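Hi,

Here is the structure I promised to hand over. Have a look at it first, then read on for my notes.

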Amino acid sequence: VILLPKLSVLLPSVCLTHILSIYTFLPLEYQKSRFMKPRVLVDYSKLSGLTPMNAKIRYVKLFRSLKTYGVSFFHVKEKVRGKRQLTSLWLGVARESIMRMDMKTKEVLETWPIKTIRRWAVSPTTFTLVRLYLNRDNS
């Protein structure tokens with residue numbers, strides 16, 4: 001969980017719950033979890049004594065280190081092999097790769113380098129992506 005500090009100086013003696021409401025920063029799916037508040041307090045205590053500028057620099061460095069930094073995500077429905085139903089997922093397009101991400105868990109399912117895309121096609125209702133399947137020696 002990443003929270004940008006709003007205090008002038010992060011002090012370990014100041015409890016976050018008395019100054020800021022944690023739930024104003026968290027997405028709705030994380031607000032319901034009872035395990036988030038202790039995690040936020042532990043992470044907050046690690047930032048004790050930082051000036052706002054240093055805290056912002058650490059925040060930006062952490063944000064840029066994420067696997068999904070700089071990726072544009074699109075909500076798509078994918079055909080399931082052997083079934084007629086479609087499943088919803090996120091399709092992420094980055095400068096050097098394309099990734100599939102689960103809608104509920106936000107977990108990256110697969111990542112493909114752009115070099116493995118043979119062709120793609122777009123129409124008003126569909127997006128088709130054809131990948132080059134490499135054997136394990138060439139991947």
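Below is what I found, going from the whole chain down to single residues.

Before anything else, keep in mind that this is a predicted model. The protein chain has 139 residues, and 19% of them are buried. Its secondary structure comes to four helices and six strands. If you follow the chain from the N terminus, the order of elements is α-α-α-α-β-β-β-β-β-β, so the helices come before the strands in that run. About 11,200 Å² of the protein chain is exposed, and 56% of that comes from carbon and sulfur atoms. As for contacts between residues at least 6 apart in sequence, 29% of them join residues at least 24 apart.

Now to the sheet, where I spent most of my time. Four strands make up an open sheet in the order E1-E2-E3-E4, and the pairing is antiparallel. Strand E1 (72-79) and strand E4 (108-113) sit at the edges with a single partner strand each, so each has one side without a neighbour in the sheet. On average, neighbouring strands in this sheet are turned by 25° against each other, direction ignored.

Strand E3 is a good place to zoom in. How much of E3 is buried? Five of its six residues are, so the strand is largely enclosed by the rest of the structure. On one side, E3 (residues 97-102) pairs with E2 (residues 86-93) in the antiparallel sense over five bridges, and a hairpin of three residues connects E2 to E3. Two pairs to look up here: tryptophan 90 has methionine 101 in E3 as its bridge partner, while leucine 91 is opposite arginine 100.

E3 also pairs with E4, again in the antiparallel sense and over five bridges. Arginine 100 turns up here too, standing opposite glutamate 110 in E4. Put together, arginine 100 has leucine 91 across from it and also glutamate 110 in E4.

Serine 97 is another residue of E3. Is it buried or exposed? Serine 97 has a relative accessible area of 16%, and the cut-off for buried is under 20%, so serine 97 counts as buried. Leaving aside residues up to four places away in sequence, serine 97 touches Gly92, Thr111, Trp112, Pro113 and Ile114.

The link from E3 to E4 deserves a look as well. These two strands form a hairpin with five residues between them. Lysine 106 is in that loop, and its phi is near 60°, a positive value in a residue other than glycine. That stands out because most residues other than glycine have a negative phi. Lysine 106 is also partly exposed, at 36% relative accessibility.

Last stop is the surface. Phe63, Leu66 and Tyr69 form a nonpolar patch there, and together they have about 270 Å² of accessible area. One of them, leucine 66, is in the loop between helix H4 (52-64) and E1. With a relative accessible area of 37%, leucine 66 is partly exposed.

If you only have a minute, I would start with E3 and its hairpin to E4, then turn to the patch that includes Leu66.

Cheers

Key: Residues are numbered from 1 along each chain as its sequence is written. This is a predicted model: local features need pLDDT of at least 70, side-chain atom pairs count only at pLDDT 80 or more; totals for chains, interfaces and linings use all residues. Side-chain values use heavy atoms; hydrogens and water are left out. Two strands pair if DSSP finds at least two bridges between them. Axes are lines fitted to C-alpha atoms, for helices over the stretch in contact, and angles run from 0 to 180 degrees between N-to-C directions. Patches are made of residues with over 30% relative accessible area and no salt bridge: like charges are joined within 9 Å, nonpolar side chains (Val, Leu, Ile, Met, Phe, Trp, Tyr) within 5 Å. Accessible areas come from the Shrake-Rupley method with a 1.4 Å probe; for residues, only the protein chains shown count as cover. A salt bridge is a side-chain nitrogen of Lys or Arg within 4 Å of a carboxyl oxygen of Asp or Glu. Buried means under 20% relative accessible area, exposed over 50%, partly exposed in between (1.4 Å probe, protein chains only). Contact means heavy atoms within 4.5 Å.
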